[in-house]
Amino acid sequence: MKVLHLPAYFPPEKAASMYLSHNLYSAITESGMDMVVYTPVPTRGISENERVEYHNRLNEILYDGKMNLHRFLLMKEGKNAIIRAFRYLMCNIKQFWKGAFAKEAKECDVMFIMSTPPTQGAMGALVKKFSNMPLVYNLQDIFPDSLINNGLAKQGGLLWKIGRKIENFTYKNADKIIVISEDFKKNIMAKGVPEKKIEVIYNWVDQNAVTDIPREKNILFDTYGLDRMKFYITYNGNIGLSQNMDLLISVAEDFMSEFPDIQFVLVGEGAYYDAVKRLIKEKKLINVHLLPFQPYEVISHVFSLGDASLVISKPGTGSASVPSKTWSIMSASRPVIANFDENELKSIIENNQCGIFSKAGDKEGLKKAILTLYNNPELCRIYGNNGRKFVLDNLTKEVGTQKYVDVIKSVVRK
């Protein structure tokens, strides 16, 4: 059995959730299936020299000979939204052509498509129209809802209408849709998707790769000159428009003089990174440390850095999502501080006693949560242990990847 995969990004590109893809590729190939992959030369999170090297490595055999990887040349990804959208279009055109007409693609039995960028699913649906190949669609972000949540589109506007057409076309032609939460399932069922077409599979965490690193052994403290005696609140991941960095900076500013032992560490990159860096400088926030995106090899050190770790969003932007970083926080035995829209994330945190939840945008609730843990180290330990137990019982790599393999195999026509 062969799986056709058309990702917009592929290692060595760096992204917070890239480990999920690697885990999944390993599971698919170890289950006996082969993979044929068409993807652009890497651009995200790598140097220009690294990118140039891949111009001469367009074809590779990976995963013990079970994956045939074919890269194609494509312009670099920039921060300009229009240029990025054009790059997505060009990527979709090239992948459609390969998926529909390449000899090796035609030999595949099933197609697996992820939802980044938002047009990727529609491209996969078009490939299906030409090849009649069953399609499994992995929905990690609901489009165009995400545009509305981030203030980039208005409901009923032209961009929203185009997005809904793309969304409907993708859902209609997918044989199975894998969603990452029950709230996602409710969202697309309300848009007319039959329940029998939907499979809920939470993003997992590699419980063996993300573990508790004792503070005295955590290399990031020495690398970045952090005082091991302080109390740290960390944020790890995308520093973007929807993560409510302004609220976080405001809380840090309030705490700076009254609670100097409370320090904030932000690890990541994103569209709002430069703005956060500027705010830290303008407000002279000596209690906020901005660290670059870290390689996966030190992921345990990243998620063990803080005494507690944040999951945060602007009101209305996280109503149907459970950020996968939550599982990494819990896997590292750290309490979760969530300032988020009320959804199943709240029930997971509260029912399993692995952190403190407050409504998105509730500044006083966020401050109270931080101070509660600051004043009670034993509670931090209890919440952290409870989180680790929840991961081991429900969200291991083995459980999550096997569910994907089962769904992919289920749609292959005998």
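Reader: Why is lysine 94 called partly exposed?

Author: Its relative accessible area is 32%. Buried means under 20%, exposed means over 50%, and partly exposed is what lies in between (1.4 Å probe, protein chains only). Lysine 94 has 32%, so it gets the in-between label. Keep in mind that this is a predicted model, where local features need pLDDT of at least 70 and side-chain atom pairs count only at pLDDT 80 or more, while totals for chains, interfaces and linings use all residues. Residues are numbered from 1 along each chain as its sequence is written, and side-chain values use heavy atoms, with hydrogens and water left out.

Reader: Where does lysine 94 sit, and what does it touch?

Author: Lysine 94 is part of helix H3, residues 81–101. Helices here are DSSP runs of H or I with at least four residues, strands are E runs of at least two, and both are numbered from the N terminus. Setting aside residues up to four places away in sequence, lysine 94 touches Phe72, Leu73 and Leu74; contact means heavy atoms within 4.5 Å. Proline 40 is 54 residues away from lysine 94 along the chain, and their C-alpha atoms are separated by 9.0 Å.

Reader: What makes isoleucine 177 buried?

Author: Isoleucine 177 has a relative accessible area of 0%, so it falls on the buried side of the cut-off. This residue lies in strand E7, residues 176–179. Leaving out neighbours within four places in sequence, its contacts include Tyr137, Leu139, Ile188 and Val193. Another contact is Ile198, whose C-alpha is 4.9 Å from that of isoleucine 177 although the two are 21 residues apart along the chain.

Reader: Tyr171 is also in contact with isoleucine 177. What about the helix Tyr171 belongs to?

Author: That's H7, where the buried residues are Gly163, Arg164, Ile166, Glu167, Thr170, Tyr171 and Asn173. H7 runs over residues 158–173, which is 16 residues, and reaches 23 Å from its first C-alpha to its last. The expected span is 1.5 Å times one less than the number of residues, and for H7 that gives 22 Å, close to what the model shows.

Reader: Why are H15 and H16 called roughly perpendicular?

Author: Two packed helices are described by the angle between their axes and the distance between the axes. The axes of H15 (363–374) and H16 (377–394) cross at roughly 100 degrees and come within 6 Å. Axes are lines fitted to C-alpha atoms, for helices over the stretch in contact, and angles run from 0 to 180 degrees between N-to-C directions. Under 35 degrees counts as roughly parallel, over 145 as roughly antiparallel, 65 to 115 as roughly perpendicular, and the rest as oblique. Roughly 100 degrees sits in the 65 to 115 range, so the pair is roughly perpendicular. The contact is made by Thr372, Leu373 and Tyr374 on the H15 side and Pro377, Leu379, Cys380 and Tyr383 on the H16 side.

Reader: How do you know that there are 0 disulfides?

Author: A disulfide is a pair of cysteine sulfur atoms within 2.5 Å, and the structure holds 0. Take cysteine 108: the closest cysteine sulfur, in cysteine 91, is 17 Å from its own, too far for a bond. Cysteine 380 is in no disulfide either, with the nearest cysteine sulfur, that of cysteine 354, 13 Å away.

Reader: Why do cysteine 108 and cysteine 380 count as buried?

Author: Cysteine 108 has 9% relative accessible area and cysteine 380 has 8%. Each value passes the test for buried, so both earn the label.

Reader: What makes the backbone of aspartate 64 and asparagine 132 worth a look?

Author: Aspartate 64 has a positive phi of about 55 degrees although it is not a glycine, and asparagine 132 has a positive phi near 60 degrees. Aspartate 64 is in the loop between strands E3 (59–62) and E4 (67–72); asparagine 132 is in the loop between H5 and strand E6 (135–139). Aspartate 64 has a relative accessible area of 81% and counts as exposed, and so does asparagine 132 at 55%.

Reader: Which peptide bonds are cis?

Author: Among them are the bond from proline 11 to proline 12, with omega near 20 degrees, and the one from threonine 116 to proline 117, with omega near -5 degrees. Proline 12 is in the loop between strand E1 (2–5) and helix H1 (18–30).
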